[in-house]
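Thanks, everyone. Let's take a quick look at one model together, then go through it piece by piece.

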Amino acid sequence: MPFGAYTPLWAHLLEEDIFAPSIEHTPSSEWSLVGTSLEVRAAIADNKAVSDAFLLYRSFDPSKNEAYVPIQMVEMDNRIYSAMLPVESNDQVIEYYIKATDSTGNITFRGNLEFPLKITVALLKPKEPQS
């Protein structure tokens, strides 16, 4: 992702940081075995510095109002952040959003508490031995 993709180029010259980080992320559905994890990646950039990034998630269940669980995202390489999302039950829908904060406290979200992103997880059955 180019260094000024979401912020005017002149903003990188300002001493005061008035711009929140940018988050580029495309939700996807993956097949996974229960008890494993799905990797969620996002490109996160800021005109000064990203101080932290979190993936907040919960299992979707309309009958419950579960709290979101935070997982700190780790910078892998060149502003790509990653978190491992645990897969805990069969054919579940996981709601999540990503929160990024820069070094001066500016915050941005991809998805949010009221309008989360969703991943549908389906089970992979182990292959039957062929006779």
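I'll start with the overall layout, then take the sheet, the hairpins, the core and one serine.

First, a caution: this is a predicted model. The secondary structure comes to 0 helices and 10 strands. Along the sequence, the pattern is simply β-β-β-β-β-β-β-β-β-β. The protein has 131 residues, and 36% of them count as buried. It exposes about 8,300 Å², with 54% of that supplied by carbon and sulfur atoms. Now the contacts with a separation of 6 or more: 65% of them link residues 24 or more positions apart.

On to the sheet. Which order do its 4 strands take? The order is 1-3-7-6, in an open sheet with antiparallel pairing. Strand 1, residues 22–24, and strand 6, residues 74–77, stand at the edges. Each has a single partner strand, so one side of each is left without a neighbour in the sheet. Ignoring direction, neighbouring strands here are turned by 40 degrees against each other on average.

In the middle of that order, strand 3 and strand 7 pair over 7 bridges, antiparallel. One pairing to note is Glu 39, whose bridge partner in strand 7 is Met 84. Strand 7 also pairs with strand 6, antiparallel again, through 3 bridges. There, Asp 77 stands opposite Ile 80 of strand 7.

Next, the turn between those two. Strand 6 and strand 7 form a hairpin with 2 residues between them. Most residues other than glycine have a negative phi. Asn 78 is not a glycine, yet its phi is positive, about 50 degrees. Arg 79 is not a glycine either, and its phi is positive at about 70 degrees. Both sit in the loop between strand 6 and strand 7. Are they buried or exposed? Asn 78 counts as exposed, at 58% relative accessibility. Arg 79 counts as partly exposed, at 26%.

There is another hairpin further along. Strand 8, residues 93–102, is joined to strand 9, residues 107–110, by 4 antiparallel bridges. Thr 101 has Ile 107 of strand 9 as its bridge partner. This hairpin has 4 residues between the strands, and Gly 105 takes a positive phi near 95 degrees.

Now the core. In soluble globular proteins, nonpolar side chains tend to be buried together. The largest nonpolar core here has 21 residues. Which members touch the most others? Ile 44, Leu 55, Met 73, Leu 85 and Ile 98. Strands 3, 4, 7, 8 and 10 each supply at least two residues of this core. Take Leu 55 as an example. Beyond four places in sequence, its contacts include Val 40, Ile 71, Met 73, Leu 85, Tyr 96 and Ile 98.

Last stop, Ser 82. This residue lies in strand 7, residues 80–86. Why does Ser 82 count as buried? Its relative accessible area is 6%, and the cut-off for buried is under 20%. Its side chain makes a polar contact with the side chain of Glu 39, at 2.7 Å. Outside its neighbours within four places in sequence, Ser 82 is in contact with Glu 39, Val 40, Arg 41, Gln 72, Met 73, Val 74 and Met 76.

To close, back to Glu 39. Its side chain meets that of Ser 82 in a polar contact, while its bridge partner in strand 7 is Met 84. That's my tour.

Terms used:
Residues numbered from 1 in each chain as written. Predicted model: local features only at pLDDT ≥ 70, side-chain atom pairs only at ≥ 80, totals over all residues. Heavy atoms only, no water. Buried < 20%, exposed > 50% of the residue type's maximum accessible area, 1.4 Å probe, protein only. Polar contact = N/O pair within 3.5 Å; in protein donor to acceptor, adjacent residues only side chain to side chain. Contact = heavy atoms within 4.5 Å. Pairing = 2+ DSSP bridges. Core = buried A, V, L, I, M, F, W, Y, C linked by side-chain atoms within 4.5 Å. Axes fitted to C-alpha atoms, helices over the stretch in contact; angles between N-to-C directions. Areas by Shrake-Rupley, 256 points an atom, 1.4 Å probe, with all protein chains shown as cover.
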